[in-house]
Amino acid sequence: MYNGGELPDSGAAPGELSLSLTDDLTEMRVSWATMDQVVENARVVLDAPCPAGGCTFAADTRTYSVLQKWWPTFNGSLHTAVITGLEPGARYTYRVGSDSPGPNTTAGEGAFSEPYSFASPVAAGAPTNVAVLADMGTVMPLGFAVAEKLAAVQDSLGVDTAMVVGDLAYAGIDTAFPRINVSKDDEFEWIWDLWQIQNQPVAATRPWMVGIGNHEAWYNWTAVTSRFHMPNGPTVGAVPPFWWSMDTGLAHFSHLCTEFDMNPGSPQLDWFAADLAAAASPAARAVTPWIVVTLHRPPYSSDQSWENLRADIEPLLAQHQVDLVVSGHMHAFERTHAVGANGASVVTPSRTDGKGNNVYDAPGFPVYITQGNSGAAQGESWQRPAPAWSAVRWANGWDSSPPRASASDAREEAPAAAPPSAGGPGPGPYEATYTDSFGFGLARFMNATHMSYESIPITGVFTDTFWIVKPISGAQ
Ligand SMILES: [Fe+2]
């Protein structure tokens with residue numbers, strides 16, 4: 001399944017392919033890695049028909065270094081090229097490679113990847129589906145399984161773009177293992193490679209956009225800023241991908257970085273205010289009526305909220321009628337009702353659709369999603385009773401919160417916690433009632449008036465779908 005990117009000793013064989021949007025809908029950025037540092041003439045080659053500029057796009061090549069510990073570090077190189085001149089609505093097939101040989105090339109031949117194909121960036125104002133993940137990781141325990149699920153269903157679901165809202169690879173795990181000489185300040189660069197190999201079936205075939213969480217912070221953000229390039233970031237005050245935005249189809253996404261200051265007067269909040277004002281202008285909203293804000297730590301979670309973030313951004317969210325906010329950090333799924341004013345204003349669904357799913361008609365405040373169930377270990381603790389703004393929440397059946405105030409609490413979809421095992425931390429993984437809730441979200445922007453958001457499990461039974469409907473004017 002995974003072509004290229006073998007570790008180690010793969011020479012110039014390319015792997016870890018990922019695409020990303022730039023700020024130009026006629027472009028697609030292609031990034032990949034090789035384990036050799038010296039790679040000659042690294043490039044992307046398109047199959048014909050090619051854009052007017054030709055079939056070959058030269059790559060920039062660089063590496064990064066972090067402190068060498070007793071374990072191997074990243075010694076390869078990272079390549080990125082921007083394909084230009086794409087026609088709207090077209091599909092392109094490409095390979096990445098160089099003139100340098102890989103382990104399976106014959107003398108005189110360079111190593112190239114298998115061919116992959118992608119569609120041109122979704123045209124402005126067109127319907128689009130965006131898969132949303134957060135807190136993913138690799139094998140701790142199920143990031144790889146979420147990636148595999150997404151890869152398996154991405155075509156049938158019509159996923160155009162994937163977005164990971166921080167805590168990407170968990171190469172730095174913030175846990176010390178003194179007996180094996182590992183401190184909490186250490187990061188394993190191979191985990192980054194593993195994560196990108198795992199995601200390649202998705203990331204090589206559609207834009208793979210990344211946000212920043214606390215687990216990207218190691219060595220002054222070296223790995224994430226070396227490996228990913230996001231669009232429309234500020235040129236002063238930060239380096240993409242800390243905070244950035246994209247227009248894709250009917251939607252504008254603004255990504256904030258909760259690991260950096262966003263108090264009033266901060267460069268990030270100033271950028272956000274300007275970005276939202278532009279996105280909410282009548283001319284912009286006529287094309288991209290839906291505005292989504294992503295940020296790693298949740299302003300609203302009935303596990304743990306960052307209420308300071310509410311104070312920072314809620315005035316702007318209300319002023320510009322942001323529709324949806326997606327976070328992670330809490331390794332769980334939660335949907336709020338439309339909520340504002342530091343929780344004081346709660347707008348519940350006005351009706352249900354024919355399948356019993358909640359519909360928010362022009363709610364006036366954003367609905368908040370915590371989608372931190374995309375792979376990292378779950379062990380969350382809910383507030384009880386649930387706040388009035390909490391609509392749906394579950395955390396893998398591992399629920400260590402106090403007993404429910406009411407057994408008929410309709411907002412609670414996760415099963416009640418089993419009594420803790422004697423001497424153990426809680427219900428064990430072999431409980432018959434233990435139910436998986438790992439997965440990802442899918443935001444569907446259908447037209448100017450209708451969007452839906454669905455939480456899609458990898459094996460479990462917990463799903464949630466809701467709609468936001470608003471007048472044709474675009475603004476709520
Ligand atoms: Fe986090």
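**Reading P88 and a four-stranded sheet**

Reader: How many other C-beta atoms lie within 10 Å of P88?

Author: There are 13 other C-beta atoms within 10 Å of P88, so this proline is partly exposed (20 or more would make a residue buried and 12 or fewer exposed, with C-beta atoms placed from the backbone). This is a predicted model, in which local features need pLDDT of at least 70, side-chain atom pairs count only at pLDDT 80 or more, and totals for chains, interfaces and linings use all residues. Residues are numbered from 1 along each chain as its sequence is written.

Reader: Where does P88 sit, and which residues is P88 in contact with, leaving aside its neighbours within four places in sequence?

Author: P88 belongs to the loop between β6 (77-83) and β7 (91-97), where strands are DSSP runs of E with at least two residues, helices are runs of H or I with at least four, and both are numbered from the N terminus. Beyond those neighbours, P88 is in contact with S120 and A123 (C-beta atoms, placed from the backbone, within 7 Å).

Reader: In what order do the strands of the open sheet stand?

Author: Strands of a sheet pair through backbone hydrogen bonds, either parallel or antiparallel. Here four strands, with antiparallel pairing, form an open sheet in the order β1-β2-β6-β5 (a pair needs at least two DSSP bridges). Because β1 (15-20) and β5 (60-62) stand at the edges with a single partner strand each, one side of each is left without a neighbour in the sheet.

Reader: How many bridges join β1 to β2?

Author: Four bridges join β1 to the antiparallel strand β2 (residues 28-34), and S18 has S31 in β2 as its bridge partner.

Terms used
Contact = placed C-beta atoms within 7 Å.
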